[in-house]
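Subject: Handing over a structure

Hi there,

Here is the structure I promised to pass on to you. Have a look at it first, and then read on for what turned up in it.

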Amino acid sequence: MASRYFLEVVRTGSVTEAAHRLHVAPSAVSRQVAKLEESLGCNLFDRQARGMALTEAGQQLAGWVGASVIDTERLADAMRSASTRRSHRVRLACTEGFAIDFLPAVMSAFRRQHAHTSIHLQVGVPEQVSQWLQRGDADLGLKFATAPEKGLRTLHMEPSPVLAICSPGHAVAGMGIIGIAELVRHALAVPDVGTTVRQALDLCCAEHGLGYEIAFSGNLPALLALARRGDAVTLTSLLGVAHEIASGQLVALRLAEPHFAERTIQLLVPEGRPASAQLDLFASALKAQSRQVSAQAPALVPTKGRRKRG
């Protein structure tokens with residue numbers, strides 16, 4: 001019971017919300033969590049004004065408890081299925097850039113080969129992807145990052161530089177390479193704070209003593225639509241727009257500053273959590289598709305051009 005109450009607090013970040021979902025009094029949840037902390041001899045949560053935040057020990061326990069829940073669910077699935085062609089489930093978590101084109105293509109191709117696989121995708125900011133993996137709410141995570149992360153194991157990693165994306169008719173479309181001083185002279189459509197794209201942009205501008213005006217902000221599909229119309233330059237990776245660049249709807253430019261090239265794609269799983277054959281197969285499909293897109297980069301993204309820094 002204590003582990004069940006603990007996991008619900010992890011998922012909701014609140015004793016009150018956990019109690020509501022479990023149909024018990026908040027005091028009952030608090031007692032069970034306190035009893036678990038006492039038996040383990042450590043604090044599992046930092047009690048904060050805005051809710052319950054996991055300590056490092058709490059994160060480890062959440063991974064173990066989450067794995068136990070997943071194993072129980074898999075066992076239940078197996079017992080319910082008398083057929084050898086029982087359905088399998090793959091739960092994915094990713095940041096927005098992967099959900100535009102890259103992951104749907106992989107999911108579609110995988111489902112054609114493995115017809116009894118059920119694939120669920122949830123999309124969030126990088127921090128959410130990590131949390132979903134640690135809580136046991138996702139089996140595989142895909143996000144852009146600049147460093148390894150505690151409690152998560154990296155199955156695959158490769159460079160994925162941030163690119164400037166615009167319409168073929170935009171003033172900068174023929175440059176091939178663009179510097180930060182030239183970039184910020186134009187209307188920008190940028191993702192929200194907390195993304196690796198914004199982090200790189202803010203760092204480069206700070207180093208060069210530059211400011212920039214945000215013409216548009218929001219989710220990536222809207223930003224790409226604005227770039228397609230010629231209203232702004234947006235920033236993203238090749239993975240999400242390779243098809244549109246290949247078809248000539250959009251143009252990609254390399255960014256001159258090295259901070260934009262420091263980002264990597266990371267395929268992640270929770271540390272210590274057992275994998276399934278189906279997950280291994282899907283992870284292999286993701287790696288293969290990622291390498292294929294990277295191999296297309298020289299043909300889709302110019303390596304030189306009439307660079308203009310300002």
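A quick definition to start with: the expected span of a helix is 1.5 Å times one less than its number of residues. Please also keep in mind that this is a predicted model.

**Two helices**

With that definition, take helix H12, which covers residues 277-300. H12 has 24 residues, and the distance from its first C-alpha to its last is 35 Å, close to the expected 34 Å. Its buried residues are Gln 278, Leu 279, Phe 282, Ala 283, Leu 286, Ser 290, Val 293, Ala 297 and Leu 300.

Helix H9 (residues 196-208) can be looked at in the same way: its 13 residues reach 19 Å from first C-alpha to last, close to the expected 18 Å. Which residues of H9 are buried? They are Thr 196, Val 197, Arg 198, Ala 200, Leu 201, Cys 204 and Cys 205. The cover over these buried residues includes helix H8 (180-183) together with strands E5 (140-145), E9 (188-190), E10 (214-217) and E11 (233-236). Right after H9 comes Gly 209, with a positive phi near 65°.

**A positive phi elsewhere**

Most residues other than glycine have a negative phi. That makes His 23 worth a visit: its phi is positive, near 60°, and His 23 is not a glycine. You will find His 23 in the loop between helix H2 (15-22) and H3. Is His 23 buried or exposed? His 23 is exposed, with a relative accessible area of 72%.

**Salt bridges**

How many salt bridges does the structure hold? There are 10. One of them joins Arg 47 to Glu 37, with the closest N and O atoms 2.9 Å apart. Arg 47 belongs to strand E1 (residues 45-48) and Glu 37 to helix H3 (residues 26-40), so this pair ties together parts that are 10 residues apart in sequence. Glu 37 has a relative accessible area of 9%, so Glu 37 counts as buried, the cut-off for buried being under 20%. Leaving out residues up to four places away in sequence, Glu 37 touches Cys 42, Asn 43, Leu 44, Phe 45 and Arg 47. Notice that its salt-bridge partner, Arg 47, is on that list.

Here are two other pairs to look up:

- Arg 185 and Glu 182 meet through their side chains in a salt bridge of 2.8 Å, N to O. Glu 182 is buried, at 5% relative accessible area.
- Asp 231 and Arg 229 also meet in a salt bridge, at 3.1 Å from N to O. Here Asp 231 is partly exposed, at 34% relative accessibility, and Arg 229 is exposed, with a relative accessible area of 65%.

In addition, salt bridges that share partners link Glu 8, Glu 17 and Arg 21 into one network.

**A buried threonine**

Thr 264 lies in strand E13, which runs over residues 264-270. At 16% relative accessibility, Thr 264 counts as buried. What is Thr 264 in contact with, once its neighbours within four places in sequence are set aside? The contacts are Lys 143, Phe 144, Ala 145, Met 157, Glu 158, Pro 159 and Ser 160.

**A cavity**

The search found 1 cavity of 30 Å³ or more, and the volume of the largest cavity is about 30 Å³. Its lining is made of Phe 102, Leu 142, His 156, Ile 265, Leu 267, Leu 286, Lys 287 and Ser 290. The elements that give two or more residues to this lining are E13 and H12. H12 gives the largest share, 3 residues. Leu 286 and Ser 290, two of the lining residues, also appear among the buried residues of H12.

**How far to trust it**

The mean pLDDT of the protein is 84, and 90% of its residues reach 70 or more. Two stretches call for care. Over residues 82-87 pLDDT stays under 50, and the model has 5 contacts for them beyond four places in sequence. Over residues 306-310 pLDDT also stays under 50, and there the model has 19 such contacts. Where pLDDT is low, the predicted coordinates should not be read in detail.

Enjoy exploring!

Best wishes

Conventions: Residues are numbered from 1 along each chain as its sequence is written. This is a predicted model: local features need pLDDT of at least 70, side-chain atom pairs count only at pLDDT 80 or more; totals for chains, interfaces and linings use all residues. Side-chain values use heavy atoms; hydrogens and water are left out. Helices (H or I, at least four residues) and strands (E, at least two) are DSSP runs, numbered from the N terminus. Buried means under 20% relative accessible area, exposed over 50%, partly exposed in between (1.4 Å probe, protein chains only). Contact means heavy atoms within 4.5 Å. A salt bridge is a side-chain nitrogen of Lys or Arg within 4 Å of a carboxyl oxygen of Asp or Glu. pLDDT is the predictor's confidence in each residue, from 0 to 100. On a 1 Å grid over the protein atoms alone, a cavity is a set of points where a 1.4 Å probe fits but cannot get out, and a pocket is an open set with protein on both sides within 12 Å along at least five of seven lines; lining residues have an atom within 4 Å of a point. Grid points are joined across faces, edges and corners, and a volume is the space filled by probe spheres set on the points.
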